[in-house]
Amino acid sequence: MLILSVLIYLYYAPKSSIPAVNTVTPTVSASPSASVEFEAVYITTSGKKYHKPDCQYVKNKANIKEIQKSEAIRLEYEPCKICNP
């Protein structure tokens, strides 16, 4: 019954008497951690690790692919223990 009363009030009440909802605009942070999410890393076609571009496991190799670090994490790749991206 209470819900019905509230709905009726909201429908028939003058729009100026209904309190405005406090809206907050999301902001994009320029912190270093935010830029890490868009960092490019490299994966091989046969491994399950992601690497920095100068890592010995991907440098001058033909079977590598550049992807975003967040995508590598989503695909369950792990960071290389040598280059530690």
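**View 1. The largest nonpolar core brings together six residues, namely V41, I43, Y50, I67, A72 and Y77.** The model shown in this and every later view is a predicted one. Among the members of this core, Y50 can serve as a guide to the surroundings, and if its neighbours within four places in sequence are left aside, Y50 is in contact with V41, Y42, I43, K69, A72, I73, Y77, E78, P79, C80 and P85. A second core, separate from the largest one, has five residues, and Y42, V58, C80 and C83 are included in it.

**View 2. Four strands make up an open sheet, in which they follow the order β3-β1-β2-β4.** The pairing within this sheet is mixed. Strands of a sheet pair through backbone hydrogen bonds, and they may do so in a parallel or an antiparallel way. Which strands stand at the edges of the sheet? They are β3, which covers residues 64-68, and β4, which covers residues 78-79; each has a single partner strand, so one side of each is left without a neighbour in the sheet.

**View 3. Strand β1, made of residues 40-44, is joined to β3 by five bridges, and the two strands run antiparallel.** Two of the residue pairs can be followed here: V41 stands opposite I67 in β3, while the bridge partner of Y42 in β3 is E66. V41 and I67 both belong to the largest nonpolar core, whereas Y42 is included in the second, separate core. In a regular strand the side chains alternate between the two faces of the sheet. Is β1 largely enclosed or largely open? Four of its five residues are buried, so β1 is largely enclosed by the rest of the structure.

**View 4. Strands β1 and β2 form a hairpin, with four residues lying between them.** The two strands pair in the antiparallel sense, and this pairing extends over two bridges. In one of the residue pairs, I43 has Y50 in β2 as its bridge partner, and both of these residues are members of the largest nonpolar core.

**View 5. H51, which lies in strand β2, is a buried residue.** Its relative accessible area is 5%, and because a residue counts as buried when this value is under 20%, H51 falls within that class. When residues up to four places away in sequence are not counted, H51 touches V41, Y42, Y57, V58, C80, C83 and P85. Among these, Y42, V58, C80 and C83 are included in the second core, while V41 belongs to the largest one.

**View 6. Two loop residues, N60 and E76, have a positive phi although neither is a glycine.** Most residues other than glycine have a negative phi. The phi of N60 is about 60°, and this residue is found in the loop between β2, residues 49-51, and β3. For E76 the phi is near 70°, and its place is in the loop between α3, residues 69-74, and β4. Are these residues buried or exposed? N60 counts as exposed at 77% relative accessibility, and E76 also counts as exposed, at 64%.

**View 7. M1, L4 and I8 form a nonpolar patch on the surface.** Together these three residues have about 360 Å² of accessible area. L4 is found in helix α1, which covers residues 2-12, and with a relative accessible area of 48% it is partly exposed.

Technical notes. Residues numbered from 1 in each chain as written. Predicted model: local features only at pLDDT ≥ 70, side-chain atom pairs only at ≥ 80, totals over all residues. Heavy atoms only, no water. Pairing = 2+ DSSP bridges. Patch = residues over 30% accessible without salt bridge, like charges linked within 9 Å, V, L, I, M, F, W, Y side chains within 5 Å. Areas by Shrake-Rupley, 256 points an atom, 1.4 Å probe, with all protein chains shown as cover. Salt bridge = Lys/Arg side-chain N within 4 Å of Asp/Glu carboxyl O. Buried < 20%, exposed > 50% of the residue type's maximum accessible area, 1.4 Å probe, protein only. Core = buried A, V, L, I, M, F, W, Y, C linked by side-chain atoms within 4.5 Å. Contact = heavy atoms within 4.5 Å.
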